[in-house]
Amino acid sequence: MAKWTPFPHAGDYQFDAASLKKQWARLHAGDAEPLPKDAAVLQAWAHFHNGDFQRAAEAGMEAGGAGLTVANKATAIYATYLEKKEKARLDLFLQVAEQAEAQAAEDPQNANAWYWHAYALGRYSQGISVAKALAQGLGGKIKESLEKAIALAPKHADARIALGAFHAEVIDKVGSLIGGMTYGAKKDTGLKLFQEALKLNPGSAIAMIEYANALVMLDGDKKMKEATALYEQAAASEPLDAMERLDVEMARAELEE
């Protein structure tokens, strides 16, 4: 495994098994991941929340079982925010999609196996261009996996965010008529999914960011004020772990442009 770019604020978050258990419900309000029974898996999650994404991925793979979820999340979040090389980033997304697909085949009741499959394919699609990804038939796979994740974990806020983004991006690329007929993408459904996600996880900076992006994609300048307010709210959030810190910093960087 090539050496990953380190989290820029290493040492700012110091979770161990005990402190992680205490904060678990709050930290996992987005992905509805159950508290692991296996100590090795819990330790892998501590690495993740502290921003040691490479160690989290390696420890998760080693632990197997529920550890595959932390490995997939660590790899996907690392690729989204910290990997500088485009090709390496896309390769990591494909790797997560494959690993999650295999995990879902083995454990079809695991909501996050479906979620990380869709998330990785979604980020890969953005990397190669949404139009190209739709032509390759990735749209249907993403939508199906996200709908499965929500059916299995009705409180999965992050799957709603990703599905809301799917509806917005498809309409943005192919228009509402083809988007609706060919891919089942609907503006109202997309916006409702973001609202539901924020009800489930009100402090989620990434929900605010993706909702803002979707508003601008779907309604343009008319929604710029509302979108900016969402970005400001995200930028003012108090991050509890490394991933939230990356989300908040992204919102701040966007506002400075």
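Which residues does alanine 205 touch, not counting residues up to four places away in sequence? Select alanine 205 and look around: Ala234, Ser237, Asp247 and Val248 are in contact with it (heavy atoms within 4.5 Å).

Before going on, know that this is a predicted model, where local features need pLDDT of at least 70, side-chain atom pairs count only at pLDDT 80 or more, and totals for chains, interfaces and linings use all residues. Residues are numbered from 1 along each chain as its sequence is written, and side-chain values use heavy atoms, with hydrogens and water left out.

**Stop 1: alanine 205.** Alanine 205 sits in helix 11 (residues 205-219); helices here are DSSP runs of H or I, at least four residues, numbered from the N terminus. Its relative accessibility is 8%, so alanine 205 counts as buried (under 20% relative accessible area; exposed is over 50%, partly exposed in between; 1.4 Å probe, protein chains only). Now pick leucine 246: its C-alpha atom is 9.7 Å from that of alanine 205, although the two are 41 residues apart along the chain.

**Stop 2: helix 2.** Select residues 39-50. Nine of the 12 residues of helix 2 are buried, among them Trp45, Phe48 and His49. Show helix 1 (17-27), helix 3 (53-63), helix 4 (67-81) and helix 13 (242-256) too, since the buried residues of helix 2 pack against them. At the N-terminal end, aspartate 38 acts as a cap, with a side-chain oxygen 2.8 Å from the backbone nitrogen of alanine 40. Just after the helix comes glycine 51, with a positive phi of about 95 degrees.

**Stop 3: isoleucine 77.** Leaving aside neighbours within four places in sequence, isoleucine 77 is in contact with residues including Phe48, Phe53, Trp116 and Leu246.

**Stop 4: salt bridges.** The count comes to 15, where a salt bridge is a side-chain nitrogen of Lys or Arg within 4 Å of a carboxyl oxygen of Asp or Glu. Try helix 13 and select arginine 245 and glutamate 249: their closest N and O atoms are 3.3 Å apart, forming a salt bridge. They lie four residues apart, about one turn of the helix. Arginine 245 counts as buried at 17% relative accessibility, whereas glutamate 249 is partly exposed at 26%. Add Asp12 to see a network of salt bridges linking Asp12, Arg245 and Glu249.

Finish in helix 8 (residues 138-152), which holds glutamate 147 and lysine 143. Their side chains meet in a salt bridge (3.1 Å, N to O).

Key. Helix = DSSP H or I, 4+ residues; strand = E, 2+ residues; numbered from the N terminus. Polar contact = N/O pair within 3.5 Å; in protein donor to acceptor, adjacent residues only side chain to side chain.
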